[in-house]
Amino acid sequence: MTDAPETATPATGATRSGFVALLGAPNAGKSTLVNRLVGAKVSIVTHKVQTTRAIVRGIATHDNAQIVFIDTPGIFKPKRRLDTAMVTTAWGGARDADVILVLIDAERGIKGDAAAILERLKDVRQPKVLILNKVDRVDPEKLLKLTATANEAVEFERTFMVSALTGSGCKDLLDFLAKRLPEGPWYYPEDQISDLPMRQLAAEITREKLYLRLHQELPYSSHVETEKWEELPNGSVRIEQVIFVERDSQKKIVLGHKGETIRAIGQASRMEIAGILEQKVHLFLFVKVRENWGDDPERYREMGLDFPH
Ligand SMILES: Nc1nc2c(ncn2[C@@H]2O[C@H](COP(=O)(O)OP(=O)(O)OP(=O)(O)O)[C@@H](O)[C@H]2O)c(=O)[nH]1
Ligand SMILES: [Mg+2]
């Protein structure tokens, strides 16, 4: 679902633009929805909670409006220092937004983190729109109940029922947002879909493959950085990335038996990066043990997070 045919013709009339933040509990489908609305993958998605760690902006052009979506980390009760940074960043992302989309996983319903988010939203002044996501999994009766409960708790301008996965309801949401944003010039060139530098997106893609392959706590103890990016004369690119883990035992798991795990991660990541760049990619992954990288301010800077003292 892209609006490419419409954006190919220059819009007539006044342009509109603005920032739309997505807030919600971990795993509600925020990144999936941003990718769907932008029409390309700008933010990584996994079945695990706490996938998104920093603010990711995805840019959609719809009718005469440029909508800058702010994907945020899921909001939950923080335990570690990194959690605190992620949650603070998520609420911070909402502060600068013209409109806030509050995502609720309709299958999960309103409990735990989602209930706590609704409670705190009462103090947030910006216009809020309720998005019930994953409607492909839920019967209409439950959706009506959720709509009523959420609208009793918080004043929402509108409620949309969508499936970020199938695209159902997403065009209506784009239509609404394109009209809802204020008149103003566009912030980004018409063909730009993200503000994430390619080096960082490439690191994120490797982190996604790591999350998809590894289990339990390990993904949350790991972090990926792109260290080298070299365009070669033959038109291909050589990329070196480091996977940071906290313990030697974790390094062994990332490498896998005879290096087969890291090879599979590298292969999946390389293929996806090559597809985005439309270039041949040579990807080299290294695993480094750095105890307490979760307490190292430099790592936070790399991720675009503030370091919570
Ligand atoms: N069935 C169904 N699954 C969905 C839908 N949207 C997202 N998902 C799945 O939900 C899981 C989490 O999606 P994400 O987009 O990573 O969720 P998120 O809110 O960004 O999660 P965090 O970054 O961890 O806060 C993935 O397995 C998605 O495929 C949907 O509309 N329907
Ligand atoms: Mg996410």
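## Two annotated domains, a ligand shell and a magnesium site

Over residues 16-183 the chain is 35% helix and 24% strand, with the end C-alpha atoms 4 Å apart, and this stretch is the one that UniProt, in an unreviewed entry, annotates as "domain: Era-type G". The model is a predicted one, and the values below are computed from it. A further UniProt annotation from an unreviewed entry, "domain: KH type-2", is placed at residues 214-291, where the chain is 33% helix and 35% strand and the end C-alpha atoms are 19 Å apart.

**Surroundings of ligand 1**

- There are 23 residues around ligand 1, and those that come nearest are Lys-30, Thr-32, Gln-50, Thr-51 and Asp-136.
- By residue class, the shell around ligand 1 divides into six nonpolar, twelve polar and five charged residues, while by element its largest share, three residues, is contributed by H2.
- Among the polar contacts of ligand 1, a polar side-chain atom of Lys-30 lies 2.7 Å from one of the ligand's oxygen atoms, whereas Gln-50 places a polar backbone atom 2.8 Å from an oxygen atom of the ligand.
- Thr-46 also takes part through its backbone, with an N or O atom 3.4 Å from an oxygen atom of ligand 1.
- Taken alone, ligand 1 exposes 660 Å², of which the protein buries 92%.

**The magnesium ion (ligand 2)**

- The protein donors of the magnesium ion are the OG atom of Ser-31 and the OG1 atom of Thr-52, which lie 1.9 to 2.1 Å from the ion.
- These two donors link distant parts of the chain, being 21 residues apart: Ser-31 belongs to helix H2 (residues 30-38), and Thr-52 sits in the loop between H2 and strand S2 (56-62).
- Both Ser-31 and Thr-52 are buried.

**Positive phi values outside glycine**

- Lys-134 has a phi near 70 degrees, a positive value in a residue other than glycine, and its position is in the loop between strand S5 (128-133) and helix H5 (140-153).
- Lys-258 likewise has a positive phi, near 55 degrees, in a residue other than glycine, and this lysine is found in the loop between helix H8 (248-255) and helix H9 (260-277).
- Because its relative accessibility is 72%, and the cut-off for this class is over 50%, Lys-258 counts as exposed.

Key: Residues numbered from 1 in each chain as written. Chains lettered and ligands numbered in written order. Predicted model: local features only at pLDDT ≥ 70, side-chain atom pairs only at ≥ 80, totals over all residues. Heavy atoms only, no water. UniProt positions renumbered as here; feature names shortened; annotations may be inferred. Donors = N, O, S within 2.8 Å, 3.2 Å for Na, K, Ca; no water. Buried < 20%, exposed > 50% of the residue type's maximum accessible area, 1.4 Å probe, protein only. Near = heavy atom within 4 Å. Polar contact = N/O pair within 3.5 Å; in protein donor to acceptor, adjacent residues only side chain to side chain. Areas by Shrake-Rupley, 256 points an atom, 1.4 Å probe, with all protein chains shown as cover. Nonpolar A, V, L, I, M, F, W, Y, C, P; charged D, E, K, R; others polar.
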